[in-house]
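Please open the structure in a viewer and keep the selection tool at hand. The tour proceeds by short steps, each with something to select.

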Amino acid sequence: MTTTHAISAQLVQDQNAQTQAALQSDYQALGAKLARYGVDIEQLTAQAAEFKVALPSWGVGTGGTRFARFPGQGEPRTIFEKIADCGVIHQLSGITPGVSLHIPWDKPKDPQELREYAHSYGLYFDAMNSNTFQDQMGQAHSYKFGSLSSTDSSVRNQAVEHNLEVVELGRSLGSNALTVWVGDGSNFPGQQNFRRAFSRYLASTQAIYAGLPSDWTMLLEHKMYEPAFYSTVIQDWGSSYLAAQEIGERCKCLVDLGHHAPNVNIEMIVARLAQFNKLGGFHFNDSKYGDDDLDSGSINPYQLFLVFNELVDVKALDANFAPFYMLDQSHNVTDPIESLIYSAAEVQRAYVKALLVDRQALSAAQDANDAMLAQATLKAAYNLDVEPILQMARQQKGAAIEPIATYRASNYRQQCAAARPAEKRASSGIV
Ligand code: PSV
Ligand code: MN
């Protein structure tokens, strides 16, 4: 099947032609520098080119807060338009072929049609997300007081059924993972019995797991607060780990970088979960205060690098280690397509820098308790500018050397503004 490109391949080529000479010279200079350290730049470029991070379907529309949403122009109105936007992001970045759907937001009438449509853009479906944190029109029971952990068995059954429907749909779309995040929790001390709520959650997730196809993974996403502001049922990685451990081998933990208290050592959580084979996936984003859902790498790129430092370290010991990588961001003031292109590259950058860490030197410094040399070894990799590697990987794939500039030159957003007149929508909300 030939891939549909919303932006003409000729335009990408013409744009690339303008920066090709500069890239060649930067790439050669970096290659020579790396060679002095015994690193082969071609090998790094090949690894950068293989890197993938999935797009959140809900990220291509303008996000909002609980106060307001300020829609952008030409926003996607249907799942097909969202897929077309994801196609553009992948065309220009070259590293986002997976799309993570959220059900019922993205529920298609005809899954086969959607699957083929996505394939035509060179896209496939990554982990499926269920939604039992909102009530939908015509739903029999409300999730106001929780879903999988509700005190009411009819609510719990409805939430389990919904997850099983999402799995069924995901099966027909070619996905192989289910991400479960619930808003269950409490707003007041005493409102909920912690142990009983957790037991009910476990029984419900066990029922979902029992219906999971044998080649699927179930990902449990923890979150410290919001929408519940006193306690949440899967509040932290400890609760998530305990649940995943109870539920079964193919049940793992998903780390959303924004779902922790400020200053928590997330890279250490990553190491802990990976050591016990329970690290299943990521929702990448960045934050300053809470679950801000800001663009990956925009606030603390060093933390992102330290997370990848752990991931690369684990992968060196276990070739089968392959967590699901997804972006989960809310774009309130930027063009979501630009944010997602830029963020995907930031995650890829953190990965490539982590590949550059001299692991032997780090290990030796650690064993010798040489704190200065250990941290300097990490910084030596982090401080290298690997942009030419990312650019070369994109160019080799026919993606854009300068993806944001190429996107702007294409006028894709202006075309969408004309083709997708704004619809009347609620003015607040998370997405
Ligand atoms: C919750 O904050 C979350 O991180 C979950 O992954 C949801 O599925 C997503 O955001 C969108 O609401
Ligand atoms: Mn998330």
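The steps below move from the ligand to a strand and then to the neighbours of that strand. The model is predicted.

**The ligand.** Begin by selecting ligand 1 together with the 13 residues around it. Those that come nearest are His102, Glu221, Lys223, Asp256 and Asp328. Coloured by class, this shell shows five charged, five nonpolar and three polar residues.

**Polar side chains at the ligand.** Next, display the side chain of histidine 102, where an N or O atom is 2.7 Å from an oxygen atom of ligand 1. Lysine 223 also places a polar side-chain atom 2.8 Å from an oxygen atom of the ligand. For histidine 259, the corresponding distance from a polar side-chain atom to a ligand oxygen is 3.1 Å. Ligand 1 taken alone exposes 310 Å², and the protein buries 94% of that area.

**Strand β7.** Now select residues 217-221, which form strand β7. How many of its five residues are buried? The count is five of five. Thr217, Leu219 and Glu221 point one way from β7, while Met218 and Leu220 point the other way. In a regular strand, side chains alternate between the two faces of the sheet.

**The neighbouring strands.** Add strand β5, residues 177-180, which pairs with β7 in the parallel sense over four bridges. Within this pairing, threonine 179 has leucine 219 of β7 as its bridge partner. Finally, add strand β9, residues 251-256; β7 and β9 are likewise parallel, with four bridges. Here glutamate 221 stands opposite leucine 254 of β9. Glutamate 221 also brings the tour back to its start, being one of the residues that come nearest to ligand 1.

Note on methods. Residues numbered from 1 in each chain as written. Chains lettered and ligands numbered in written order. Predicted model: local features only at pLDDT ≥ 70, side-chain atom pairs only at ≥ 80, totals over all residues. Heavy atoms only, no water. Near = heavy atom within 4 Å. Polar contact = N/O pair within 3.5 Å; in protein donor to acceptor, adjacent residues only side chain to side chain. Areas by Shrake-Rupley, 256 points an atom, 1.4 Å probe, with all protein chains shown as cover. Nonpolar A, V, L, I, M, F, W, Y, C, P; charged D, E, K, R; others polar. Buried < 20%, exposed > 50% of the residue type's maximum accessible area, 1.4 Å probe, protein only. Helix = DSSP H or I, 4+ residues; strand = E, 2+ residues; numbered from the N terminus. Pairing = 2+ DSSP bridges.
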